[in-house]
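Reader: I would like to learn how to read a structure like this one. Could you walk me through it?

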Amino acid sequence: MYRVRAGCVELLLVHPGGPFWTKKDAAAWSIPKGEVPAEEDELDAARREFSEETGIFPQGEFIPLGQIVQKGGKVVQAWAFEGDCDPVALKSNTFTMEWPPRSGKQQEFPEVDRAAFFTLEEARKRINPGQAALVDALERLIGRPKGQTD
């Protein structure tokens with residue numbers, strides 16, 4: 001999701017939840033994304049994952065941003081759409097894991113613990129480096145509104 005505020009493009013990024021990400025910020029944020037089951041259309045999966053991680057069902061014109069391969073080999077196919085929301089009000093699905101390690105205790109964590117809109121320049125600093133090309137693709141496809149300098 002992106003929006004234009006005061007002539008400036010801002011991109012919504014999410015921060016992964018769970019204990020491994022608590023103190024990480026720079027290069028830790030991501031676009032909302034997830035797994036695509038074989039029987040599901042990729043755009044439908046992208047919409048579903050966005051909804052699961054934010055609580056918002058994405059609507060509007062979807063702009064294909066292309067495909068990237070992250071460092072660990074995960075292939076990410078992405079689309080952008082223009083929209084707006086209050087990032088503080090977002091609701092994420094959860095996952096359960098053993099925490100602390102080897103404790104035998106299961107704890108539930110949000111898949112996404114927070115979200116925020118960032119200018120494209122700031123998004124490049126915050127996003128997982130393997131996804132930075134998606135920020136570049138968005139900028140190429142929608143351009144910069146008049147007066148935006150980042």
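Author: Gladly. By class, the lining of the largest pocket divides into 22 nonpolar, three polar and six charged residues. Keep in mind that this is a predicted model.

Reader: How much space lies in the largest pocket, and which residues are closest to its centre?

Author: The largest pocket holds about 470 Å³ of space. Its lining is made of 31 residues, and those closest to the centre are Ile31, Pro32, Ala46, Gln77 and Ala78.

Reader: Which elements give two or more residues to that lining?

Author: They are the strands β2 (8-16), β3 (63-69) and β4 (75-80), together with the helices α1 (42-54) and α3 (132-142). The most comes from α1, which gives seven residues to the lining of the largest pocket.

Reader: What is the volume of the second largest pocket, and which residues lie nearest its centre?

Author: Its volume is about 280 Å³. There are 19 lining residues, and Pro16, Trp21, Ser30, Lys33 and Glu111 lie nearest the centre. In this second largest pocket, β2 supplies the largest share of the lining, with three residues. By class, that lining has eight nonpolar, seven polar and four charged residues.

Reader: Let's turn to helices. What general idea helps when I look at which residues of a helix are buried?

Author: An α-helix has 3.6 residues a turn, so residues three or four places apart point the same way. Now the case here: in α3, the buried residues are Leu134, Val135, Ala137, Leu138 and Glu139.

Reader: Which elements do the buried residues of α3 pack against?

Author: They pack against the strands β1 (2-5), β2, β3 and β4, and also against α2 (120-126). Look just past the end of α3 as well: Gly143 takes a positive phi of about 70° there.

Reader: Next, the sheet. What is the order of the strands in the open sheet, and which of them are the edge strands?

Author: To read a sheet, follow the strands in order across it. Here, three strands form an open sheet in the order β1-β2-β7, with antiparallel pairing. The edge strands are β1 and β7 (112-119), each of which pairs on one side only. From one strand to the next, the twist averages 30°.

Reader: How many bridges join β2 to β7?

Author: Seven bridges join these antiparallel strands. For an example you can find in the viewer, take Leu13, whose bridge partner in β7 is Ala116.

Reader: Now single residues. Why does Glu49 count as buried?

Author: Compare its relative accessibility with the cut-off: buried means under 20%. Glu49 counts as buried because its relative accessibility is 8%. This residue sits in helix α1. Leaving out residues up to four places away in sequence, Glu49 touches Lys33, Gly34, Glu35 and Glu111.

Reader: And where is the place of Ile56? Why does it count as partly exposed?

Author: Ile56 is in the loop between α1 and β3. Ile56 counts as partly exposed because its relative accessibility is 22%. Not counting residues up to four places away in sequence, its contacts are Met1, Phe50, Ser51, Cys85 and Leu90.

Reader: How many residues apart along the chain are Ile56 and Asp113?

Author: They are 57 residues apart along the chain, and their C-alpha atoms are separated by 15 Å.

How values were computed. Residues are numbered from 1 along each chain as its sequence is written. This is a predicted model: local features need pLDDT of at least 70, side-chain atom pairs count only at pLDDT 80 or more; totals for chains, interfaces and linings use all residues. Side-chain values use heavy atoms; hydrogens and water are left out. On a 1 Å grid over the protein atoms alone, a cavity is a set of points where a 1.4 Å probe fits but cannot get out, and a pocket is an open set with protein on both sides within 12 Å along at least five of seven lines; lining residues have an atom within 4 Å of a point. Grid points are joined across faces, edges and corners, and a volume is the space filled by probe spheres set on the points. Helices (H or I, at least four residues) and strands (E, at least two) are DSSP runs, numbered from the N terminus. Ala, Val, Leu, Ile, Met, Phe, Trp, Tyr, Cys and Pro count as nonpolar, Asp, Glu, Lys and Arg as charged, and the others, Gly among them, as polar. Buried means under 20% relative accessible area, exposed over 50%, partly exposed in between (1.4 Å probe, protein chains only). Contact means heavy atoms within 4.5 Å. Two strands pair if DSSP finds at least two bridges between them. Axes are lines fitted to C-alpha atoms, for helices over the stretch in contact, and angles run from 0 to 180 degrees between N-to-C directions.
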